[in-house]
Amino acid sequence: MDILFAQKVLKILKSSFENFDMESMSKYIFMTGGVVSSLGKGLTSASIALLLEARGYKVAMLKLDPYLNVDPGTMSPYQHGEVYVTDDGAETDLDLGHYHRFTNAHLSKFSNATSGQVYDTVIKNERHGDYLGKTVQVIPHVTDEIKRRILLSSNHNQNPDVTFVEIGGTVGDIESLPFLEAIRQFRLKHAKDCLNIHLTYVPYLKAAGELKTKPTQHSVQVLREIGIIPDLILCRCEDPLPQEIKEKIALFCSVDKDAVIEEPDVKHSIYEVPLSLKHFGLDATVCKLLDLKLNKCNVKEWEEIVRKVKNPKKTVSIGIVGKYLQHQDAYKSVFEALTHAAVQQEAKLKIVSIDSEKFSNDQDIEEKIKECDGILIPGGFGERGFEGKIRVAKYARENNIPYFGICLGMQVLAVEFVRNVLGHSDANSTEMEPETNTPIISLLSEQSRVTDLGGTMRLGAYTTHLTKGTKAHKAYKENTVSERHRHRYEFNNAYIDECKEKGLVISGQYKEKSLCEILEIKDHPWMLGSQFHPEFKSKPTKPHPLFADFVKASINNSKGNHG
């Protein structure tokens with residue numbers, strides 16, 4: 001009986017500690033959006049978080065997505081844009097890329113939650129009997145799970161001062177209702193520590209010659225019907241708003257006139273947004289409403305970045321060869337990483353979009369890339385456009401044009417080299433041609449048994465050991481680095497010796513499984529491919545070394561016609 005009693009006591013103590021751990025001393029900022037989608041809630045949240053960090057506060061970030069997919073990993077880039085991968089292997093929303101580039105918040109699987117994940121957890125709990133026979137409902141079971149994930153996002157960051165919670169979608173969407181109800185309930189328990197910011201749009205009707213506040217009024221009214229009263233209303237607009245417009249919004253939306261703050265379009269770069277919000281006093285207002293000490297705001301480093309963006313001394317032209325170029329967010333982190341590297345060199349970045357499906361011969365390629373100082377082939381899946389990428393890689397290799405291949409782009413480099421230098425004309429990836437006799441790129445044995453698509457790739461951070469004397473080692477200036485992956489297919493080590501003899505260098509390797517991580521062409525100014533995705537770790541304040549070296553090589557290759 002003593003043993004049973006002790007076990008019961010331990011169980012009670014464990015439960016108490018778990019509940020204690022789930023509580024947080026953090027303040028919470030909830031970001032909702034209204035009127036139209038694509039207003040930039042993620043960018044705005046990241047910008048406010050940057051300003052609070054500049055005042056000495058630690059932040060955590062969470063994106064709540066209303067869709068029923070478990071994660072965006074199986075979604076088309078045309079539907080969702082890029083999939084951002086964290087160190088712990090979570091496939092997440094692209095807004096986490098903004099969070100990374102603007103803040104120092106630790107991002108992980110706890111930084112993104114979807115309706116699919118929430119409902120999956122609730123249903124598994126029900127099957128396990130955790131609800132003790134109760135009828136499982138959206139309220140309280142689904143909303144309780146959402147609130148639990150909000151607390152987890154703070155907890156894994158070791159008690160941040162402020163936790164940002166961005167709710168995806170637009171107020172009025174049926175999909176987001178459980179999330180809105182959850183944050184309404186959350187505030188009841190943490191009333192003094194929560195701030196609701198609503199981002200809306202104030203359109204200018206050219207025909208009438210007027211700014212219209214009705215869309216904002218209706219959006220706030222929908223939010224109030226749910227039981228959420230915004231503390232701050234951020235108004236996206238083309239130009240700064242007249243004082244009378246802000247006063248009108250304040251009156252009809254029942255907020256203080258100082259709590260209506262405009263967020264006008266920036267002229268040069270998204271990296272101006274934090275400085276613009278600071279100019280309008282948003283961060284100071286947030287500190288006041290959350291009862292945070294108004295520490296000095298140090299944004300000198302960010303001001304220097306914006307100065308360089310506005311005053312480039314040269315131009316570098318980079319050709320992006322892909323098949324999702326119609327969607328501007330499909331390669332979002334790649335574009336931003338190139339921008340970071342260009343800004344570091346005080347250069348203006350010019351992107352040349354090249355559809356890899358439209359090449360039929362070398363003349364087509366030369367015509368398309370003659371204005372490019374460098375070529376980048378990003379990641380992707382499937383055979384569509386693959387042969388066009390092979391032709392581009394061949395042209396870049398033979399004409400000494402700087403080339404950077406990422407994930408599939410590295411595999412393109414390998415296939416092209418084995419075909420045209422080693423002479424194996426049928427060389428291919430088994431993803432494109434399962435029956436090829438020269439599978440230079442193939443599945444690992446454990447991957448060949450996978451039938452599901454979601455979350456089954458080599459995902460997250462792995463250590464890469466660099467070979468001294470190579471371009472990769474020169475760029476990193478380190479012997480080992482950690483980089484993030486998202487792929488199934490790998491370089492086939494059966495061809496290593498033959499490739500080395502002809503000048504294909506394996507300059508980075510995951511030694512635990514003898515996997516190729518970086519390839520480069522020995523006798524070429526700059527031709528390198530990485531199996532991982534370096535774009536996920538680049539910041540404007542710290543450009544990724546490979547992107548920085550590639551852009552520098554491209555500037556050196558400039559024909560002088562992009563001044």
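**Exercise 1.** In strand 6, which residue is the bridge partner of Leu-62?

*Solution.* Keep in mind that you are working with a predicted model. Start with the two strands: strand 2 (residues 59-65) pairs with strand 6 in the parallel sense, over 6 bridges. Now look across from Leu-62: its bridge partner in strand 6 is Val-165.

**Exercise 2.** Find how strand 1 is joined to strand 6, and name the residue opposite Met-31.

*Solution.* Strand 1 covers residues 27-33, and 5 bridges join it to strand 6. These two strands run parallel. From Met-31, step over to strand 6, and you arrive at Glu-166.

**Exercise 3.** Work out whether the faces of strand 6 are covered or open.

*Solution.* First, recall a general rule: side chains in a regular strand alternate between the two faces of the sheet. Next, sort the residues of strand 6 by side. Val-162, Phe-164 and Glu-166 lie on one side, while Thr-163, Val-165 and Ile-167 lie on the other. Then check each one against the cut-off, where buried means under 20% relative accessible area. All of these residues are buried, so both faces are covered. The count agrees: 6 of the 6 residues in strand 6 (residues 162-167) are buried.

**Exercise 4.** Describe the largest cavity: how much space does it hold, and what lines it?

*Solution.* The structure holds 1 cavity of 30 Å³ or more. About 30 Å³ of space lies in the largest cavity. Its lining includes Ile-167, which you met in strand 6, along with Thr-32 and Gly-33. Sorted by class, the lining has 3 nonpolar, 6 polar and no charged residues.

Notes: Residues are numbered from 1 along each chain as its sequence is written. This is a predicted model: local features need pLDDT of at least 70, side-chain atom pairs count only at pLDDT 80 or more; totals for chains, interfaces and linings use all residues. Side-chain values use heavy atoms; hydrogens and water are left out. Buried means under 20% relative accessible area, exposed over 50%, partly exposed in between (1.4 Å probe, protein chains only). Helices (H or I, at least four residues) and strands (E, at least two) are DSSP runs, numbered from the N terminus. Two strands pair if DSSP finds at least two bridges between them. On a 1 Å grid over the protein atoms alone, a cavity is a set of points where a 1.4 Å probe fits but cannot get out, and a pocket is an open set with protein on both sides within 12 Å along at least five of seven lines; lining residues have an atom within 4 Å of a point. Grid points are joined across faces, edges and corners, and a volume is the space filled by probe spheres set on the points. Ala, Val, Leu, Ile, Met, Phe, Trp, Tyr, Cys and Pro count as nonpolar, Asp, Glu, Lys and Arg as charged, and the others, Gly among them, as polar.
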